[in-house]
Amino acid sequence: MSDTKLTLDQVAELIERVRIAGSARQPHGSGLVNGGWYSTEDVAALIGVDPSTLRRWRTSKPMQGPPFVRLTSRITVYSVPDVQSWLESRRIVPGEAA
């Protein structure tokens, strides 16, 4: 996992950007088929890491990062709803933290 630290405002901005991108890419509902797709570079830019970080997460044991679909040995994509869910699962609300 990366040592990148994000502020609460940055996380909120990321979630909002994913929500906006997801709604813009979901003309016919949600899910893997109609939910929209991000490339590795898209997700890296969205969360503020280098694309090589996502590649490293995909090959680590155990795998890390958002769920992905490997279309070929050279093409990997991320569904917009999966990225949004992954970001939301990583969210920590300070007043509610255990």
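**Exercise 1. Work out how strand β2 is joined to β3, and in which direction the two strands run.**

Solution. Begin with the pair itself: β2 and strand β3 (residues 76–79) run antiparallel and are joined by 2 bridges, where strands are DSSP runs of E with at least two residues, helices are runs of H or I with at least four residues, and both are numbered from the N terminus. Two strands count as paired if DSSP finds at least two bridges between them. Next, identify the partners: R70 has T76 as its bridge partner in β3, and V69 has V77 as its bridge partner in β3. Finally, follow the chain between the strands, where a hairpin of 5 residues leads from β2 to β3.

The model is predicted, so local features need pLDDT of at least 70 and side-chain atom pairs count only at pLDDT 80 or more, while totals for chains, interfaces and linings use all residues. Residues are numbered from 1 along each chain as its sequence is written, and side-chain values use heavy atoms, with hydrogens and water left out.

**Exercise 2. Place the strands in their sheet, and find which ones are the edge strands.**

Solution. The sheet is an open one of 3 strands in the order β1-β3-β2, with antiparallel pairing. Its edge strands are β1 (37–39) and β2 (69–70), each of which pairs on one side only. For the pairing of β1 with β3, there are 3 bridges in the antiparallel sense, and S39 has V77 as its bridge partner in β3.

Now consider the faces of the sheet. In a regular strand the side chains alternate between the two faces of the sheet. Both faces of β3 are covered, with T76 and Y78 on one side and V77 and S79 on the other, all of them buried; buried means under 20% relative accessible area, exposed means over 50%, and partly exposed lies in between (1.4 Å probe, protein chains only). Helix α4 lies across β1 and β3 and runs at about 70° to β3, an angle taken on a scale from 0 to 180 degrees between N-to-C directions, with axes that are lines fitted to C-alpha atoms, for helices over the stretch in contact.

**Exercise 3. Describe where I75 is placed and which residues it touches.**

Solution. I75 is found in the loop between β2 and β3, and it counts as partly exposed because its relative accessibility is 42%. Leaving aside residues up to four places away in sequence, I75 touches V69 and R70, where contact means heavy atoms within 4.5 Å. I75 and S39 are 36 residues apart along the chain, and their C-alpha atoms are separated by 8.3 Å.

**Exercise 4. Decide whether the aromatic pair of W57 and W86 is stacked, edge-to-face or tilted.**

Solution. Start from the rule: rings of Phe, Tyr and Trp (its six-membered ring) pair if their centres lie within 6.5 Å, and planes under 30 degrees apart count as stacked, over 60 as edge-to-face and the rest as tilted. By this rule there are 2 aromatic pairs. In one of them, the rings of W57 and W86 have centres 6.0 Å apart and planes at 55°, so this pair is tilted. The pair links distant parts of the chain, since W57 is in helix α3 (residues 51–59) and W86 is in helix α4 (residues 80–90), 29 residues apart. Both W57 and W86 are buried.

**Exercise 5. Locate the salt bridge and state how exposed its two residues are.**

Solution. A search of the whole structure finds 1 salt bridge, the term being used for a side-chain nitrogen of Lys or Arg within 4 Å of a carboxyl oxygen of Asp or Glu. The side chains that meet are those of R55 and E41, at 3.1 Å from N to O. This pair too links distant parts of the chain, with R55 in helix α3 and E41 in helix α2 (residues 40–47), 14 residues apart. R55 counts as partly exposed because its relative accessibility is 37%, and E41 is partly exposed, with a relative accessible area of 42%.

R55 also appears among the contacts of T40, a residue of helix α2. T40 is buried, with a relative accessible area of 5%, and the residues it touches, not counting those up to four places away in sequence, are P51, L54, R55, R58, T76 and Y78.
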